[in-house]
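Me: Hi! Could you take one stretch of the chain below, look at it closely, and then follow its connections outward for me? I work on computational chemistry, so please keep the numbers in.

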Amino acid sequence: MRRVPLRLVFTLALPAVLVAVWWVSSAGSEDVYWPPLRTILETFPDVWTGERWRGDVLPSVLRLTAGYALAALAGVALGTLIGSYRRVRAVVEPVLEFLRAVPPPVLVPVIMLFAGIGDTMKIVVIAAGCVWPVLLNTVEGVRAVDAVTAETARSYGITGVARLRHVVLRSASPQIFAGLRQALSIGIILMVISEMFAASNGLGFTIVQFQRSFAIPDMWTGILLLGLLGFVLSVLFQLVERRALGWYHGLRAAARRPG
């Protein structure tokens with residue numbers, strides 16, 4: 001039980017120090033572009049009212065969720081297929097290397113031509129950027145399935161969907177979750193970028209509007225909210241990961257025990 005409070009202290013220590021440094025260093029600031037942290041915090045509740053949460057924050061989160069879920073499904077499905085068959089991997093690998101080298105923000109104007117300027121475009125942009133870490137980590141995870149485990153499953157007649165679920169995906173799940181973690185941070189970035197193009201709501205759109213109208217404290221509250229959103233999503237992801245990979249963390253903990 002002592003580990004939980006101790007871990008909480010270590011988790012909150014650095015953010016607390018950074019906030020304190022920000023507070024002290026900006027306390028006497030008269031720079032219009034660098035307002036005191038106290039001013040930003042006082043402005044926060046006035047800016048992010050219930051109406052703005054419904055009109056800007058909720059649409060952004062829904063777009064992020066849709067794009068991230070689409071990328072996760074596509075990445076795991078295609079990664080499993082590519083990782084399972086050597087010939088498929090040999091055929092598609094050059095194309096994958098080419099496509100992954102193209103920055104997703106560059107594709108925004110192209111995607112706008114086909115998907116318009118609505119929510120579909122923003123979801124596709126998020127999915128196009130998030131899919132790569134999931135896909136590549138899934139491929140490597142499937143390729144790294146232990147040969148003895150695979151042969152044992154074959155000997156016991158575990159084939160088809162059962163083999164895919166209990167052997168392949170289970171063995172690859174640590175790397176799949178590593179890709180999902182990377183994709184989450186990419187998704188938040190692309191969520192903001194996509195909302196800076198021909199948007200009428202969302203966090204990215206609102207922050208840009210604040211900047212253009214020189215409402216600098218309001219702009220900083222949006223940036224602060226993005227950081228808080230990323231933190232909350234990271235915590236939620238860790239909870240899901242810990243539950244889904246409980247067996248894996250248990251094995252690692254057992255392997256570290258002496259004797």
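Reply: Happy to! Let's start in the loop between α9 (203-212) and α10, where Phe 214 lies. This is a predicted model, so everything below describes computed coordinates. Phe 214 has a positive phi of about 60°, although it is not a glycine. As for its side chain, Phe 214 has a relative accessible area of 58% and is therefore exposed, the cut-off being over 50%.

From that loop the chain runs on into helix α10, which covers residues 216-244 and includes Leu 239. Leu 239 contributes to a nonpolar surface patch of about 430 Å², together with Phe 231, Val 232, Val 235 and Leu 236. With a relative accessibility of 48%, Leu 239 counts as partly exposed, because it falls between the cut-offs of 20% and 50%.

Helix α10 also carries a charged contact. The side chains of Glu 241 and Arg 181 meet in a salt bridge, with 2.8 Å from N to O. This pair ties together distant parts of the chain: Glu 241 sits in helix α10 and Arg 181 in helix α8, with their positions 60 residues apart in sequence. What about the cover on each partner? Glu 241 has a relative accessibility of 13%, so it counts as buried, while Arg 181, at 36%, counts as partly exposed. There is also a network elsewhere to mention: salt bridges that share partners join Arg 63, Asp 119 and Glu 195.

Arg 181 takes us to α8 itself, so let's look at the shape of that helix. It spans residues 160-194, which makes 35 residues, yet its end C-alpha atoms are only 40 Å apart. A straight helix at 1.5 Å a residue would reach 51 Å. Where does α8 kink? The kink, of about 55°, lies at Ser 173, shortly before the proline Pro 174.

Helix α4 is worth setting beside this. It has 15 residues and reaches 20 Å from its first C-alpha to its last, close to the 21 Å expected. Even so, α4 bends by about 45° at Val 92, and a proline, Pro 94, follows within four residues. At the end of α4, the side chains of Arg 100 and Glu 97 meet in a salt bridge of 3.4 Å, N to O. The two residues are three positions apart in helix α4 (residues 86-100), so about one helical turn separates them. Both partners are partly exposed: Arg 100 has a relative accessibility of 41% and Glu 97 has 39%.

A similar question can be put to helix α2: which residues pair there, and how far apart are they in the helix? Glu 42 forms a salt bridge with Arg 38, and the closest N and O atoms are 3.2 Å apart. They are four residues apart in α2 (residues 37-47), so about one helical turn lies between them. Glu 42 counts as partly exposed at 47%, whereas Arg 38 has a relative accessible area of 53% and is exposed. Arg 38 also brings in helix α1 (residues 3-26), where Trp 23 lies. Trp 23 and Arg 38 are 15 residues apart in sequence and 7.0 Å apart in space, C-alpha to C-alpha. Trp 23 counts as partly exposed, at 39% relative accessibility.

Now for the whole chain around these details. It has 11 helices and zero strands, and its C-alpha trace spans about 70 × 55 × 30 Å along the principal axes. Of its 259 residues, 35% count as buried. The salt bridges come to seven in total.

How much confidence comes with these coordinates? The chain averages a pLDDT of 86, and 95% of the residues score at least 70. Confidence is highest in helix α3 (residues 50-84), with a mean of 93, and lowest in helix α11 (residues 246-256), with a mean of 72. As a reading rule, where pLDDT is low, predicted coordinates should not be read in detail.

Technical notes
Residues numbered from 1 in each chain as written. Predicted model: local features only at pLDDT ≥ 70, side-chain atom pairs only at ≥ 80, totals over all residues. Heavy atoms only, no water. Expected span 1.5 Å × (residues − 1). Bend = angle between axes of the 7 residues up to and from the residue. Patch = residues over 30% accessible without salt bridge, like charges linked within 9 Å, V, L, I, M, F, W, Y side chains within 5 Å. Areas by Shrake-Rupley, 256 points an atom, 1.4 Å probe, with all protein chains shown as cover. Salt bridge = Lys/Arg side-chain N within 4 Å of Asp/Glu carboxyl O. Buried < 20%, exposed > 50% of the residue type's maximum accessible area, 1.4 Å probe, protein only. pLDDT = per-residue confidence, 0-100.
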